[in-house]
Amino acid sequence: MKKEKNFYPDYLSEIIVAMLVSIEILIILALLYYPSIGRQIDFTKQFQPRPEWYFLWLFEMIGYFPGNSAFIGTVVIPVVYVLLFLLIPYIDRGKNGGLKAIIVGIFLLLTFIVLTLISVL
Amino acid sequence: MGNIFDWVDSRFGVRKPHSKFLERRIPENLNYSYCLGGMAFTYFLILAVTGLLLSIYYVPSEKEAYRSIVMITNEVMLGWLIRGLHKWSATLFIIFIMLHTIRVFVSKAYRPPKELNWMVGVLTFVVVMASGFTGYLLPWDQKAYWATEVGTSMIQTVPFIGDYLVYAVRGGTEVNGATLIRFYSFHILYLPITISLLLWAHFHIVKKQGISKWL
């Protein structure tokens with residue numbers, strides 16, 4: 001049994017509903033928590049800023065590589081991370097390909113979540 | 001359809017070139033998780049619109065950037081809301097890209113012949129992160145300045161060419177007015193154009209290969 005529908009108007013109307021829901025989520029958040037104005041720059045006083053939430057994992061990880069090994073945290077691991085992410089279709093090849101892809105996928109997601117949580121808590 | 005549409009259609013050609021696109025068949029039993037990518041794209045569109053509005057008042061200069069943000073927030077009509085919408089769309093954009101990625105991964109929709117589209121998607125994600133990073137500096141306040149100072153100092157640790165790279169990114173030895181203009185330019189020109197081209201490719205491939213069913 002193969003059921004299908006037309007893009008226009010059936011699927012398009014569903015897309016529009018999804019877009020409206022997205023806009024509603026956005027408006028509610030923007031009205032509840034609007035951004036404040038930060039303090040003016042004080043060039044003399046360095047303080048430890050926190051990056052945006054989606055960079056926290058990187059920020060946290062870099063802390064584990066002090067001194068001369070810093071480039072492992074800033075260059076090697078992020079590059080490997082993005083390459084693994086990018087090459088998932090090619091990791092999922094041959095015997096047990098699906099299993100390998102799932103292991104890599106879970107590893108990437110857990111790294112992000114765990115490091116972000118450590119940084120937040 | 002209406003007279004105005006027919007007038008445009010007969011001169012410009014809207015209906016016929018798009019008929020194949022509009023009438024293509026879509027599988028019936030897709031679940032709601034197939035909305036996630038479209039929702040992320042909605043946030044991209046809102047980012048573009050609110051970004052255009054902000055650019056009317058924002059001044060990307062060392063002396064005036066902060067003051068223009070204060071003005072947008074306190075004086076410009078609904079400026080505070082446009083700023084809030086831009087900021088929240090950015091957060092939601094990234095959240096929904098992540099959810100969309102998880103959906104594609106779980107449904108194994110990256111498998112041949114869709115490998116290329118997976119990689120286009122990952123590249124888009126990386127460029128979106130870069131957009132977030134460059135946008136963070138633009139308010140030119142204490143947090144923005146030092147976050148960028150620390151963030152760009154990571155580039156310095158690249159072996160051999162680190163010093164040159166960080167100088168190129170900052171336009172100086174430290175984060176300064178040149179960095180602000182550089183980041184502004186990337187944030188509103190280079191990166192959005194790159195994202196638009198990548199998303200065009202992303203959608204083109206989906207259109208060509210069709211939506212894959214859950215495996």
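**Two helical chains and their cores**

Chain A has a radius of gyration of 22 Å, whereas a compact globule of 121 residues would come near 14 Å. This is a predicted model, and it scores ipTM 0.93 and pTM 0.94. Along the principal axes, the C-alpha atoms of chain A occupy a box of roughly 65 × 50 × 20 Å. Five helices and one strand make up the secondary structure of this chain, and along the sequence they come in the order β-α-α-α-α-α. Of its 121 residues, 12% count as buried. Among the contacts in chain A with a separation of 6 or more, 42% involve residues 24 or more positions apart.

Chain B can be described in the same terms. Its pLDDT averages 94, and 98% of its residues score at least 70. Nine helices and one strand are found in chain B, with the pattern α-α-β-α-α-α-α-α-α-α when read along the sequence. The box filled by its C-alpha atoms is roughly 55 × 50 × 30 Å along the principal axes. Buried residues account for 37% of the 215 residues in chain B. Of the contacts in chain B between residues at least 6 apart in sequence, 69% link residues at least 24 apart.

Turning to the interface, 42 residues of chain A are in contact with 55 residues of chain B. On the chain B side, at least two residues each come from α2 (15-22), β1 (25-27), α3, α4, α5, α6 and α7. The helix that gives the most to this side is α5(B), with 11 residues.

The interior is best introduced through the largest nonpolar core, which has 45 residues. Ala40(B), Tyr43(B), Phe93(B), Phe96(B), Ile97(B), Leu137(B) and Trp140(B) have the most contacts inside this core. Both chains take part: α1 (7-32) of chain A supplies at least two residues, as does each of α3 (36-57), α4 (65-74), α5 (79-106), α6 (115-137), α7 (142-153) and α9 (177-209) of chain B. Apart from this core lies another, of six residues, which include Ala101(A), Val104(B), Tyr110(B) and Trp118(B). Within the largest core, Phe93(B) is one of the residues with the most contacts. Setting aside residues up to four places away in sequence, Phe93(B) touches Ala40(B), Tyr43(B), Phe44(B), Leu47(B) and Val128(B).

A closer view of the packing is offered by Ala65(B), a residue of helix α4 of chain B. Ala65(B) is buried because 23 other C-beta atoms lie within 10 Å, where 20 or more are required. Beyond its neighbours within four places in sequence, Ala65(B) is in contact with Val59(B), Pro60(B), Leu138(B), Trp140(B) and Leu180(B). Leu138(B) stands 73 residues away along the chain, yet its C-alpha atom is separated from that of Ala65(B) by 7.3 Å. Trp140(B), another of these partners, is also among the residues with the most contacts inside the largest core. Leu180(B), in turn, is one of the buried residues of α9(B).

That last helix deserves a paragraph of its own. With 33 residues, α9(B) reaches 47 Å from its first C-alpha to its last, close to the 48 Å expected at 1.5 Å a residue. A kink of about 45° is nevertheless present in α9(B), centred on Phe186(B). The buried residues of α9(B) are Thr179(B), Leu180(B), Arg182(B), Phe183(B), Tyr184(B), His187(B), Ile188(B), Leu191(B), Ile195(B) and His202(B). Their cover includes α3, α4, α6, α7 and α8 (162-170) of chain B. After α9(B) comes Gly210(B), which has a positive phi near 80°.

One of the helices covering α9(B) is α7 of chain B, and the relation also holds in the other direction, since the cover of the buried residues of α7(B) includes α9 along with α6 and α8 of chain B. The 12 residues of α7(B) reach 17 Å from the first C-alpha to the last, close to the 16 Å expected at 1.5 Å a residue. Buried in α7(B) are Ala144(B), Tyr145(B), Trp146(B), Ala147(B), Thr148(B), Gly151(B) and Thr152(B). Besides facing these helices of its own chain, α7(B) supplies at least two residues of the side that touches chain A, and at least two of the largest nonpolar core.

Terms used:
Residues numbered from 1 in each chain as written. Chains lettered and ligands numbered in written order. Predicted model: local features only at pLDDT ≥ 70, side-chain atom pairs only at ≥ 80, totals over all residues. Core = buried A, V, L, I, M, F, W, Y, C linked by C-beta atoms within 7 Å. Helix = DSSP H or I, 4+ residues; strand = E, 2+ residues; numbered from the N terminus. Contact = placed C-beta atoms within 7 Å. Expected span 1.5 Å × (residues − 1). Bend = angle between axes of the 7 residues up to and from the residue. Rg over C-alpha atoms; globule rule 2.2 N^0.38 Å. pLDDT = per-residue confidence, 0-100.
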